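Please open the structure in a viewer and keep the sequence panel visible. The tour below proceeds by selections, each followed by a description of what is found there.

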Amino acid sequence: MADMPAFDYHIDIPGTTIFDGKQAMKGYALNKMCYSFNKAENREAFKADEEAFMEKYGLNDQQKQAIRDRNVLGLIEAGGNIYYLAKFAGIFGLSVQDVGGLQTGRSTEEFKDYLKSQA
Amino acid sequence: MAKILGGITTSHIPAVGNAIQKELYDDPYWKPFFDGYPKVHKWIQDNKPDYVINIYNDHGLGFFLDRMPTFAIGAAHEYKNEDEGWGLPSLDPFPGAPELSWHIIESMVADEFDITSCQELPVDHGFVVPMQLFWPGAPHHPDMPKTVPISANTVQHPIPTLKRALDFGRSLRKALLSFPEKDAKIVVLGTGGLSHQLDGQRAGFINKEFDQYCLENIVHNPDELTKISRMELVEKAGAQGTEFLMWMMMRGALGDDVTEITRNYHIPISNTAAGTLLLECAA
């Protein structure tokens with residue numbers, strides 16, 4: 001989709017992806033799969049056969065690879081929305097500090113220290 | 001006619017639910033956060049609201065991207081707390097107030113706000129955690145008011161503007177004040193915020209200076225905050241700091257004349273700058 005520079009949302013905030021219509025369209029299948037993880041039966045089905053579960057939801061190759069790699073930044077790039085991705089992270093028992101560390105190249109402890117440093 | 005007693009805001013971080021379950025009130029990490037609530041408890045005990053309007057943002061439990069309402073109002077007899085994907089124990093359902101819900105919906109649509117009405121609406125931590133904080137033991141607190149949930153979209157841009165959020169609250173005020181139940185006492189919650197960002201290379205971003213600016217102005221000068229554009233809000237409050245819109249909606253419902261009863265601000269709780277504010281409406 002072409003960019004629409006006249007719109008309010010088209011500004012650059014470093015390290016931040018604005019989840020707008022463009023991202024929502026790109027990530028629809030991925031987010032729909034992650035939304036399904038609200039239900040325990042779907043979390044179990046994913047754990048039992050990740051490839052089949054991704055296929056069922058129609059993920060594209062980029063999304064599948066980012067899921068396989070547990071690559072949070074890659075999932076955002078592929079259209080993932082953090083609120084749904086949080087449910088994916090939950091399957092592995094990851095906290096938002098773990099996920100923050102993964103995205104910023106910090107250990108979880110380093111990420112917690114960074115949060116505290118802003119007090 | 002009904003009366004609006006006041007408004008209370010709080011962050012609604014999922015980890016708080018866990019801390020409540022484990023009773024970590026005196027834990028060194030949690031104490032500065034939980035210390036913000038005893039004055040709120042006293043105020044609630046003194047005032048005993050009959051109804052609570054809970055303005056929050058759904059995080060992918062009640063709504064998916066297939067149909068994403070900008071403003072949704074619950075109109076159910078009860079609201080179920082369901083698994084958000086983390087397997088945490090769910091609370092029992094919260095009692096609704098469908099007659100008040102439909103009164104609000106009728107009034108606000110007549111006032112030209114386009115509302116999505118919801119006869120079923122599972123509620124997530126955004127709704128539940130503030131209830132637990134304000135009415136310990138919720139929904140089984142002896143004074144638990146009946147509730148109307150209102151959810152605004154902050155999941156997917158375009159999100160509402162700050163001006164729209166404040167105007168929404170002002171229209172909600174008109175609706176509440178015209179509710180015909182004699183002497184009904186209503187409290188309005190605005191939940192979420194303050195600055196935080198969960199996603200991207202900027203994850204962990206917190207902005208104390210901006211939060212303090214918002215806290216200062218929302219009490220007596222909320223119109224000043226409508227000058228903040230949505231992108232500026234993302235830039236200064238973080239991608240999820242856009243939840244400040246709920247505070248603006250709450251503030252609009254209180255009218256011009258308010259008194260600040262208590263305020264708390266603490267960094268960090270989980271990834272978030274946690275804020276609490278209690279504003280009482282003039283009698």
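Begin in chain B and select B:Ile4 together with B:Ile186, a residue of β8(B): the two are bridge partners. The model on display is a predicted one.

**The sheet of chain B**

Extend the selection to the whole of both strands. β1(B) and β8(B) run parallel and are joined by 7 bridges. Colour β8(B) by accessibility next; this strand is mostly covered, with 6 of its 7 residues buried.

Which strand of chain B also pairs with β8(B), over 5 bridges? It is β2(B), and the sense of this pairing is parallel. To see one point of the pairing, select B:Ile53, which has B:Val188 of β8(B) opposite it.

Move on to strand β7, residues 146-152 of chain B, which pairs with strand β2, residues 51-56 of chain B, through 6 bridges in the parallel sense. Here B:Val52 and B:Thr147 of β7(B) face one another as opposite residues.

Now display all the strands of this sheet. It is an open sheet of 8 strands in chain B with mixed pairing, and the order across it is β6-β3-β7-β2-β8-β1-β10-β9. Why is one side of β6 (116-118) and of β9 (258-269) in chain B left without a neighbour in the sheet? These two strands stand at the edges, and each has a single partner strand, so one side of each stays free of a neighbour there. On average, neighbouring strands of the sheet are turned by 15 degrees against each other, with direction ignored.

Add helix α5 of chain B, residues 125-134, to the view. This helix packs on the sheet and touches β1 (3-10), β2, β7 and β8 (185-191) of chain B. The direction of α5 makes about 135 degrees with that of β2(B).

**A loop residue beside chain A**

Select B:Ile206, which is placed in the loop between β8 and α7 (208-220) of chain B. Is this residue buried or exposed? B:Ile206 has a relative accessible area of 6% and is therefore buried, the cut-off for that class being under 20%. Apart from neighbours within four places in sequence, the contacts of B:Ile206 include A:Leu115 and A:Gln118 from chain A, as well as B:Ser195, B:Ile267 and B:Pro268. Measure across to B:Leu194 in the viewer: the C-alpha atoms of B:Ile206 and B:Leu194 are 8.5 Å apart, and the two residues are separated by 12 positions in sequence.

**Chain A**

Show chain A alone. It has 9 helices and 0 strands. The C-alpha trace spans about 40 × 40 × 20 Å along its principal axes. Of the 119 residues in chain A, 45% are buried. Among contacts in chain A with a separation of 6 or more, 50% are between residues 24 or more positions apart.

Highlight residues 30-115 of chain A. An unreviewed UniProt entry places the feature "domain: Extradiol ring-cleavage dioxygenase LigAB LigA subunit" here. Over this stretch the chain is 74% helix and 0% strand, and the C-alpha atoms at its ends lie 29 Å apart.

**Aromatic rings**

Show the side chains of Phe, Tyr and Trp. Over all chains, the structure holds 26 aromatic pairs. For one of them, select A:Phe46 and A:Phe53: the ring centres are 6.0 Å apart and the planes stand at 90 degrees, so this pair is edge-to-face. A:Phe46 and A:Phe53 are both buried.

Compare A:Phe111 and A:Tyr114, whose ring centres are 6.5 Å apart and whose planes make 55 degrees, so the pair is tilted. The two residues lie 3 residues apart in helix α9 (residues 108-116) of chain A, about one helical turn. A:Phe111 counts as buried at 0% relative accessibility, whereas A:Tyr114, at 25%, counts as partly exposed.

Return to chain B for a cluster linked by ring pairs, among whose members are B:Tyr25, B:Trp30, B:Phe134 and B:Trp135.

**Charges over rings**

Two selections complete the tour. Select A:Lys87 and B:Trp86: the charged end of A:Lys87 sits over the ring of B:Trp86, 5.8 Å from the ring centre. Finally, select B:Arg202 and B:Phe205, where B:Arg202 lies over the face of B:Phe205 at 4.0 Å from the centre of the ring.

Note on methods. Residues numbered from 1 in each chain as written. Chains lettered and ligands numbered in written order. Predicted model: local features only at pLDDT ≥ 70, side-chain atom pairs only at ≥ 80, totals over all residues. Heavy atoms only, no water. UniProt positions renumbered as here; feature names shortened; annotations may be inferred. Helix = DSSP H or I, 4+ residues; strand = E, 2+ residues; numbered from the N terminus. Phe/Tyr/Trp six-rings, centres within 6.5 Å; stacked < 30°, edge-to-face > 60°. Buried < 20%, exposed > 50% of the residue type's maximum accessible area, 1.4 Å probe, protein only. Lys NZ or Arg CZ within 6 Å of the ring centre and 35° of its normal. Pairing = 2+ DSSP bridges. Axes fitted to C-alpha atoms, helices over the stretch in contact; angles between N-to-C directions. Contact = heavy atoms within 4.5 Å.
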